[in-house]
Amino acid sequence: MAAQTAAPRGSVLRDVVDFWLFERLNALGWAMGLGTFRLLCAGAAAALLPTVLAAALLGSVLLRAAGPPGALPGAAFLLVHLYAGGAYLVREAFSRRRHTVSGSPNEAFYRALDFKAGDVFLAYCAIRIVGFHLALVIVDAAFLVVFRDALGGAWPLGLALPAGWCALTLGVSAQLAAGAGARAPAGARALVAAGLAVAVTGVLTGQILGRSGGSGQRPGAAAGPVTGLASGAPAGTLMVSAGLAGATALAAGAALLWRAAARLRRESFVIRSAPPSRTARRPIAWLARLPLLAVVHRQFTGGRTHPLVRRTYVVIAMTLLLLLCTRVLPGGPLPLSVLARPLERAAVAVAFVVLLGCVELLLATCGPTALAAQFRFAWENLLPRREIAVSAALYYAAHALVPAAGIAAIGWAVAGRLLWQLPFLGLAVLSAALISESLTTAPKRLVDGTSAPGVLVACLSVALALPALIGCLQQAVFWRPLAALYSITLFTGAVACIGRRVQTLPSPSPA
């Protein structure tokens, strides 16, 4: 039998691109041929580039007409790239995109069709990354050309920054495609890596804003020939820094891409052994005194609302880390003492909304209604109802105090004021939700083990938490201690309501 010849490289790549286009066409649900959709996508991409260029030129001209002072255009240029490029890189590294090639659910399909991992990477990752950074280069070119007089003679060096971000993102994505991202990274490792990136971003933000505003010029002062931020020196220094940063990122990205490309050529969708199973952790000693804490925690972490709450905690922690690192260097932009009062009220309002969402997601999975059978079983097995109520309430309170304290720390980092009333607001929101859920018969346990509180419970919980919100918003000194006392009283009542529900309400399980 004659040996089967391998398909040309270009043919395989074209097949992979066609499969990518078919996935998009199938998701859109359009009654259109694949060839027509291919032409439509090519035409849209060709029309998008001049549209982006025209919009960038118009925006840059309008911004130039506003007359930003001195080094402000250079600082804005660096900050936009720091956050836009950094956010895109973090998304490639820590989101589902890291499993686009290695660890993809279509990995067996690719292997059956003899698709090469390098071709899949080019079609699914490289085109997307290069397209985003190409649009970024177009916007940068328009901005730099319009502001070339304010940025000094080193303005062309700014184009090295998007090129560096593109190479670094391609390198990281190629490393993940080569097999480093086959398994999801451990939670602690992923958070540490993201925390380091956020910390570096915060330090750079503080340095850029401190250097651009370090001349003592007022934000409202008009730009002129006699200013502390004279044309050339600060802006030129920022552009040189952008060029050096872009060159460094370009070199690092090229090294990562070269290393990953060799592995992608050598290995394509290798069958890997299953990861070893994790052994059960030994219970913490002090949990033996409150045994229901482990039950409530296991129910919550195994529920469908846990990823949403965890993501909220991560966002709060990363925002706080970013702001704290922005304040590390002296002469930075924070705190904004002039806007302290409106920022304080905004922090209280944001905390109230976030707490309402987190508490609802928490109680939907492990609240008194969702765990009514477990609580009743524990009480019928001679566990004191007060101990049941205290265990559950302490667990709920921890999940309310953590985001409230995080938002209070964010408010301190931005406005320079300690918002000590926010943890008591979180306690009030939680206690109001527990009391409302325990005193009404509206919540029902659904078939998936969660509870649906309904409109009545939601309105009652908001009404009970409203006095604490009003007290936290007041500027008078005596209102906030009253709000704290009200929150503690509500929490005591919530513990009593959980105990009453366990003892008096019938168990939903059959006799």
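Buried means under 20% relative accessible area, exposed over 50% and partly exposed in between (1.4 Å probe, protein chains only). This is a predicted model, where local features need pLDDT of at least 70, side-chain atom pairs count only at pLDDT 80 or more, and totals for chains, interfaces and linings use all residues. Residues are numbered from 1 along each chain as its sequence is written, and side-chain values use heavy atoms, with hydrogens and water left out.

**View 1. Two cysteines, Cys366 and Cys497.** Cys366 counts as buried because its relative accessibility is 0%. Cys497 comes in at 12%, so buried is the label here too. As for disulfides (pairs of cysteine sulfur atoms within 2.5 Å), the structure has zero.

**View 2. The largest nonpolar core.** A nonpolar core is a set of buried Ala, Val, Leu, Ile, Met, Phe, Trp, Tyr and Cys residues joined through side-chain atoms within 4.5 Å. This one has 59 residues, and Cys366, Phe375, Tyr395, Tyr396, Leu422 and Leu425 touch the most other members. Helices here are DSSP runs of H or I, at least four residues, numbered from the N terminus. Those supplying at least two core residues each include helix 12 (340-366) and helix 15 (421-439). The top contributor is helix 14, with 14 residues.

**View 3. Around Leu422.** Skip residues up to four places away in sequence, and Leu422 still touches Ala347, Val348, Ala351, Ala404, Ile407 and Ala408. Contact means heavy atoms within 4.5 Å.

**View 4. A second core.** Separate from the largest one, this core has 22 residues, among them Val16, Tyr88, Phe121 and Ala126.
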